[in-house]
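Biologist: I'm new to this one, so could you pick a single part and walk me through it closely? Take your time over it.

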Amino acid sequence: MSEDVTPRVSRRSVLTGGAAAAVGLGVGAGAGVAIAKSGSSDEGGSGKGGSGEGGASHDIVEFRGAHQAGIITPAQDRLYFAAFDVITDDRAELGAMLAKWTEAAERLTRGEEHGRYGATGGPELAPPEDTGEALGLPASALTLTFGYGRSLFLTPDGTDRFGLASRLPEALIELPNFPADLIDRAISDGDLCVQACSNDPQVAFHAVRNLARIGFGTVSLRWSQLGFGRTSSTSTAQDTPRNLFGFKDGTANLKAEESAELDRHLWVQPDDVGADQAWMAGGTYLVARRINMHIETWDRSSLREQETIIGRTKLSGAPLSGGEEFTEPDFAITGRDDAPLIDMASHVALAHPQNNDGVRMLRRGYNFTDGSNDLGRMNAGLFFIAFMRDPVTQYVPMQTTLARDDLLSEYLQHTGSGLYAVPPGLSEGESLGEALLSD
């Protein structure tokens, strides 16, 4: 790099005119500072920065912490989820790339440009380090959450790819084919995943785009999904949103404020893993499912039928057994002809912890639309994301029941699928992959 280049500055300084002032004062490269209000927390993003409601849109969510940000962080409005294939056989090369991702992620979540010279400060004849489409935009509560797929450890024929087979957690299984699944493998799985959430879609896109660019030659983008409109609340400070069927979704979701419940259902505990998998203690598992919703068929259903299928009223979200939105459903109350007021095949009944051995998960899904299909129908639905302590005992039994018996299944089609191990958050100076890849 030549000496006559302009040092990188923060994105916001471009917006406020601070760039010229910084350069004029001789501020050195790498001196760009986060200018937005910090939502720091020792829980890696559980702060108010990502509220998306009531908080400033330029808030910063801390990247480092005991757990990765973007899990119990109050759900932002937009998602860009990406899965990558690792295309190198060199473990050291993979580790070096993850170290670069770490540095970039820390900058991007602070609302800064990637690299020493950013989008416009480098030599004119070289490609810019940062792609530039987020210039002038604040951090927008961006969180970047990283996970490892089973295929990072073993190939389908059982080959140990990077000498990591002994570190494969037992819970990182291949998800089974559930009843009525129509899974497209081109939009499933992957060696690595990145969940980028933000209150500005361009900020989330910019982050994944730059990570893909940094990883060129080491990883390749396998598939990705844009999402809008969060479909669950992850904090008691957030209102319950509605899904594309018009119903409130995630009323009984785990919330960031339920510390004891998070330890019980979300975070991997030290006793859960052996010595070789100690790198997962404090982590969690991410299930991603692309679920197409048959919107046109749903729209021809009566209100009574819709509410029966869901088990809640459409307006308030209260269970059909009575009360308000957060009233616990009573599955024993009966009505005319002694029939339960809540159909036992309704979505609420089959998904409720009471009917699943007390199991809970933290859901963090988003609506999506990808235009229309060959039949002229909306290609839209729910990009389901859920975090949990053990997918074998939490997600698999529940989804097996839902896929087989849920009245709602008639209106859904699962088309994409993935399961990833999400390691704990990073301490100061630590890089992604360090705990897993170190000898």
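Modeller: Just after helix α3, G111 takes a positive phi of about 85°. That's in a predicted model, by the way. Let's work back from there into the helix itself. α3 covers residues 91-109. With 19 residues at 1.5 Å each, α3 should span 27 Å, and its end C-alpha atoms are indeed 27 Å apart, so the two agree. Over at the start of α3, D90 has a side-chain oxygen that comes to within 2.8 Å of the backbone nitrogen of A92.

Now for what's tucked away. The buried residues of α3 include L94, M97, L98, W101, A104, A105 and L108. Look at how those numbers step along, and keep a general point in mind: an α-helix has 3.6 residues a turn, so residues three or four places apart point the same way.

W101 is worth a pause. A search of the whole structure turns up 14 aromatic pairs. In one of them, the ring centres of W101 and F146 sit 5.8 Å apart with the planes at 35°; that angle falls between the 30 degree limit for stacked and the 60 degree limit for edge-to-face, so this pair counts as tilted. F146 belongs to strand β2 (residues 143-149), which puts the partners 45 residues apart, and their pairing links distant parts of the chain. Both W101 and F146 are buried.

For contrast, F153 and W279 make a stacked pair, 6.0 Å centre to centre with 20° between the planes. F153 is in the loop between β2 and β3, and W279 in the loop between α5 and β5, so that pair ties together parts 126 residues apart in sequence.

Note on methods:
Residues numbered from 1 in each chain as written. Predicted model: local features only at pLDDT ≥ 70, side-chain atom pairs only at ≥ 80, totals over all residues. Heavy atoms only, no water. Phe/Tyr/Trp six-rings, centres within 6.5 Å; stacked < 30°, edge-to-face > 60°. Helix = DSSP H or I, 4+ residues; strand = E, 2+ residues; numbered from the N terminus. Buried < 20%, exposed > 50% of the residue type's maximum accessible area, 1.4 Å probe, protein only. Expected span 1.5 Å × (residues − 1). Polar contact = N/O pair within 3.5 Å; in protein donor to acceptor, adjacent residues only side chain to side chain.
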